Amino acid sequence: MNKKHVFSKPYLVITRPEPGLSETAQKISQLGWHPLLMPVMKIHTVPFECLDMDDLQAIIFTSRQAIIPTVEHYIKQNIIYQNIPVFTVGDITAQDAKQAGFVHVISAGKDAVALADLIKQHLSPDKGKLFFPSALGQGQVLFGLLQKSGFEVVQHAVYRTEPIQQLSEEFTQQLKLQTINSVLFFSSETARFFIELIPTALHCYFKSIQAIGISAKTRKYLEQISWRSIEIAANPNTEEMLCLLKEHS
């Protein structure tokens, strides 16, 4: 009979909000680790005006948080949205778009540059505009790349993020007990908010903790603290991140 592996530092910290927090916690539990839930930001929906659907080629999603507000808007306006082509930055966002009812979904599986290239391969600027629902203040890189290629991009903020004001008591306790093996960062924004929350007096505890980022954009924030190591996923998805887990020896 196989015994379940016991980790000397059993906690993995998840900094992402819902959607995604619970499903990541479940995957971590299945691997035998203890998930420590500490989403470092809150998501707030931003109302936006009724969209002109004429001459619309496709919808672009760079974040799964943008999908629900967009779909809810279409439903309120009695707009049949399911057959509108959708282009996403990553596979997880693509899965969520399909679950929300979109039929034609294509994922770039990487970053904004790859998504812009994918859109240029499949669409033409003279065939209509693109709708880009995003977080408030986000998406400038993709917007600029598509505009430079001649596309008309209609960008609307459909949600905004708000950082939490203090660390959770459980996180601080486990940090001082040195039971945390790794901290997972699913966006550059979560990495930034997390680093801004950490007082200098706690920096010393991170030298034995592994940081895992979903993309290279997280690194510039994570490097502001000395970690045991900083690992970046080759592709932006949870599975790639979990493959980078290394037990502290």
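Start with the whole protein chain on screen: 49% of its 249 residues count as buried. Keep in mind as you go that this is a predicted model. The surface of the chain exposes about 12,600 Å², and carbon and sulfur atoms supply 50% of that area.

Now switch to a cartoon view. You will find nine helices and eleven strands in the protein chain. The radius of gyration is 20 Å, close to the 18 Å that the globule rule gives for 249 residues, so the chain is as compact as a globular protein of that length. If you turn the C-alpha trace along its principal axes, it spans about 60 × 45 × 30 Å. Contacts tell you about the fold too: among those between residues at least 6 apart in sequence, 65% join residues at least 24 apart.

**Next stop: the sheet**

Select β2, β1, β9, β10 and β11, which in that order form an open sheet with parallel pairing. Which strands stand at the edges? They are β2 (34–37) and β11 (229–232); each has a single partner strand, so one side of each is left without a neighbour in the sheet. Looking across the sheet, you can follow a twist that averages 25° from one strand to the next.

Zoom in on β10, residues 210–213, which pairs with β11 in the parallel sense over four bridges. To see one of the partnerships, pick Gln-210 and look to β11, where its bridge partner is Ser-229.

Then add helix α1, residues 21–30. This helix lies across β1 (11–14), β2 and β9 (180–185), and runs at about 155° to β2.

**Last stop: the aromatic rings**

Show the side chains of Phe, Tyr and Trp; the count comes to eleven aromatic pairs. Select Tyr-74 and Tyr-81 for a stacked pair, with 5.9 Å centre to centre and 15° between the planes. Are these two rings on buried or exposed residues? Tyr-74 is buried, with a relative accessible area of 0%, and Tyr-81 is buried as well, at 6%.

For an edge-to-face pair, move to Phe-185 and Trp-227, whose centres are 6.0 Å apart with 85° between the planes. This pair links distant parts of the chain: Phe-185 sits in strand β9 and Trp-227 in the loop between α8 (219–222) and β11, 42 residues apart. Phe-185 is buried, with a relative accessible area of 0%, and Trp-227 is buried at 10%.

Finally, widen the selection to Phe-171, Phe-185, Phe-194, Phe-206 and Trp-227, which form one aromatic cluster.

Note on methods. Residues numbered from 1 in each chain as written. Predicted model: local features only at pLDDT ≥ 70, side-chain atom pairs only at ≥ 80, totals over all residues. Heavy atoms only, no water. Pairing = 2+ DSSP bridges. Helix = DSSP H or I, 4+ residues; strand = E, 2+ residues; numbered from the N terminus. Axes fitted to C-alpha atoms, helices over the stretch in contact; angles between N-to-C directions. Contact = heavy atoms within 4.5 Å. Rg over C-alpha atoms; globule rule 2.2 N^0.38 Å. Buried < 20%, exposed > 50% of the residue type's maximum accessible area, 1.4 Å probe, protein only. Areas by Shrake-Rupley, 256 points an atom, 1.4 Å probe, with all protein chains shown as cover. Phe/Tyr/Trp six-rings, centres within 6.5 Å; stacked < 30°, edge-to-face > 60°.
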